[in-house]
Amino acid sequence: MRTPFLAGNWKMFKTVSEAVAFAEAVKGPLSMLKGVECGICASAVLLHPLSLALKGSSIHLGAQNMYWEKEGAFTGETSPVMLGGIADCVIIGHSERRQYFGETDETVNRKLKAALAHSLMPIVCVGESLAQNQAGETEAFVSGQIKGAFADISAEQAAGIVVAYEPIWAIGTGLAATSEDANRIIGQVVRATLAGLYGKDVAGQIRIQYGGSVNTGNVAELMSQPEIDGGLVGGASLKPEGFIALCEATAQAKSKG
Ligand code: PEP
């Protein structure tokens, strides 16, 4: 039984005071919610104040990126050691990092290994572009991204990794994948590739989120699909009431399954 995980990706939004006010608004309602794990992935400068504001709650706190080295002359980077004791998870290989900051399957793999070595729960993002989707290349491309990200990762480590399937054409566009398509790619491509690497038992333990224009109107339908184990949500996670509603709808949809 995989516990669903709904994480907000705030991208480059919110000041410290806005972030703390958000945490204070969601902390009580989300701590009482059963059957779903919730998380906030925020800019590195927000993580320490957020960790203080969320103290005592069960809400995961994640970075949106990190470097793989522990320390050194890497100006502007954040290391897994720095995240220790502040964040408990980290997004790796978001398509915006791949597109604008030169992230590759190889750097994703290095970061994934570093996150695991420092006990951070990774959320590894994969997903095809519109052109790849239209050319019928989704299966091969997404499967290749999974194989690249998971290179030299053991089965025991793999079981604790979260994967987010995020078709790039659905991110921030208001055009989510249909729940059937998302379920099919997650089951028949992402989980099937993981089963090829680690066997069905381990693949069956790995949580796979869907991301791309999830909102309060479509979340219940998406989360009612058996292969979808939660969501990675950008825009719709920025307001406390919306984020609470997304988490509640995920718990409810999964309790029916
Ligand atoms: C994301 O940032 O990972 C994302 C899916 O964004 P949005 O929900 O806004 O499409």
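Select E166 and the ligand. In this predicted model, a polar side-chain atom of E166 lies 2.7 Å from a ligand oxygen atom. That pair falls within the 3.5 Å cut-off for a polar contact.

Next, pick N9. One of its polar side-chain atoms is 2.9 Å from an oxygen atom of the ligand.

Now add G235. Here the backbone takes part: a polar backbone atom of G235 lies 2.9 Å from an oxygen atom of the ligand. Then switch on a surface for the ligand. On its own, the ligand exposes 290 Å², and the protein buries 95% of that area.

Widen the selection to the whole shell. There are 14 residues around the ligand. Those that come nearest are K11, E166, G172, S213 and G234. Colour the shell by class: 8 residues are polar, 4 are nonpolar and 2 are charged. If you display pockets, look in the second largest one, where the ligand sits.

Leave the ligand and turn to the aromatic rings. How many aromatic pairs does a search of the whole structure find? The count is 7. Select F22 and F243, a pair whose ring centres are 5.7 Å apart. Their planes meet at 50°, so the pair counts as tilted; stacked would need under 30 degrees, and edge-to-face over 60.

Last stop: show the helices that carry these two rings. F22 belongs to helix α1, residues 16-31. F243 belongs to helix α12, residues 240-256. The pair therefore ties together parts that lie 221 residues apart in sequence.

Definitions and conventions:
Residues numbered from 1 in each chain as written. Predicted model: local features only at pLDDT ≥ 70, side-chain atom pairs only at ≥ 80, totals over all residues. Heavy atoms only, no water. Near = heavy atom within 4 Å. Polar contact = N/O pair within 3.5 Å; in protein donor to acceptor, adjacent residues only side chain to side chain. Areas by Shrake-Rupley, 256 points an atom, 1.4 Å probe, with all protein chains shown as cover. 1 Å grid on protein atoms, 1.4 Å probe; cavity = no way out; pocket = protein on both sides within 12 Å on 5 of 7 lines; lining within 4 Å. Sits in = over half its atoms within 2 Å of the grid points. Nonpolar A, V, L, I, M, F, W, Y, C, P; charged D, E, K, R; others polar. Phe/Tyr/Trp six-rings, centres within 6.5 Å; stacked < 30°, edge-to-face > 60°. Helix = DSSP H or I, 4+ residues; strand = E, 2+ residues; numbered from the N terminus.
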